Amino acid sequence: MKKVVCLIITFVLMFVLFGCSESEGLESGFEAFGNESIDFCCGYKTSKTIFNKSDVKLNFYFGFGRSKEDEELKITEDVESVTIRLLLSGKDNKGTTHKKLIKEIDAKAFFAQKYKCTLTAYEHKYPSGLTTIALKIEYNHSEKIKIPEEFFSGSYGLVIFEIYPYYTYYDKEPSYGTGDLVNICYEVDDKKVTLSHELAGEM
């Protein structure tokens with residue numbers, strides 16, 4: 001009977017120590033510091049940090065913080081179209097770069113309630129005692145997106161999720177506007193990928 005009780009206690013301790021450590025998860029893009037307002041917002045959230053390299057799926061959040069009029073989007077007579085692009089890009093420790101366009105949304109369709117973010121301002125105090133204006137970001141829209149396996153070609157690196165306006169013109173090359181991005185650091189061990197906020201080494 002004592003052996004059974006000991007085994008149960010051991011199992012519970014292992015679950016608490018190892019199960020909880022993996023369930024801590026990771027997130028970024030839900031706060032902005034030093035800004036009173038922002039136009040584009042993006043972030044990600046995951047309940048775990050360790051994945052199979054061929055199946056890294058995260059919940060990505062994106063939207064806009066305030067309505068933008070046509071004038072703010074710089075829609076002039078020479079602009080043919082404006083879309084909002086979602087892009088994944090990456091670089092590993094060997095210098096290999098990757099890029100994948102996830103989605104392109106018409107600008108007028110994007111600036112609708114579906115993608116509206118709620119921004120709540122507050123005063124953030126640093127340990128040094130200095131304060132700054134900060135924003136808490138609540139998203140109205142998210143999508144589960146798979147990061148392609150080829151992005152994890154090195155032993156460690158960085159994946160970047162971006163959102164930005166993309167302009168095409170009648171008589172000149174397309175251009176990009178100012179958007180937002182979040183970084184995801186990773187480390188690879190055989191077929192396992194571990195995500196974190198810190199790079200494992202120099203790039």
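**Surface patch and nonpolar cores**

Phe33, Tyr126 and Leu130 make up a nonpolar surface patch with a combined accessible area of about 300 Å². Patches of this kind join nonpolar side chains (Val, Leu, Ile, Met, Phe, Trp, Tyr) within 5 Å, from residues with over 30% relative accessible area and no salt bridge, a salt bridge being a side-chain nitrogen of Lys or Arg within 4 Å of a carboxyl oxygen of Asp or Glu. Areas follow the Shrake-Rupley method with a 1.4 Å probe. Phenylalanine 33 belongs to strand S2 (residues 31-33) and is partly exposed, because its relative accessibility is 38% (buried is under 20%, exposed over 50%, partly exposed in between).

The model is predicted, with local features requiring pLDDT of at least 70 and side-chain atom pairs pLDDT 80 or more, while totals for chains, interfaces and linings use all residues. Numbering starts from 1 along each chain, and side-chain values use heavy atoms, without hydrogens and water.

The protein chain contains 2 helices and 14 strands (DSSP runs of H or I, at least four residues, and of E, at least two). Of its 203 residues, 38% are buried.

The largest nonpolar core has 30 residues, of which Phe60, Phe62, Phe110, Ile147, Phe161 and Leu195 touch the most other members. Such a core consists of buried Ala, Val, Leu, Ile, Met, Phe, Trp, Tyr and Cys residues joined through side-chain atoms within 4.5 Å. Strands giving two or more residues to this core include S3 (40-46), S5 (56-64) and S6 (79-92); S5 supplies the largest share, 5 residues. A separate core of 9 residues includes Phe30 and Ile137.

Conventions:
Buried means under 20% relative accessible area, exposed over 50%, partly exposed in between (1.4 Å probe, protein chains only). Patches are made of residues with over 30% relative accessible area and no salt bridge: like charges are joined within 9 Å, nonpolar side chains (Val, Leu, Ile, Met, Phe, Trp, Tyr) within 5 Å.
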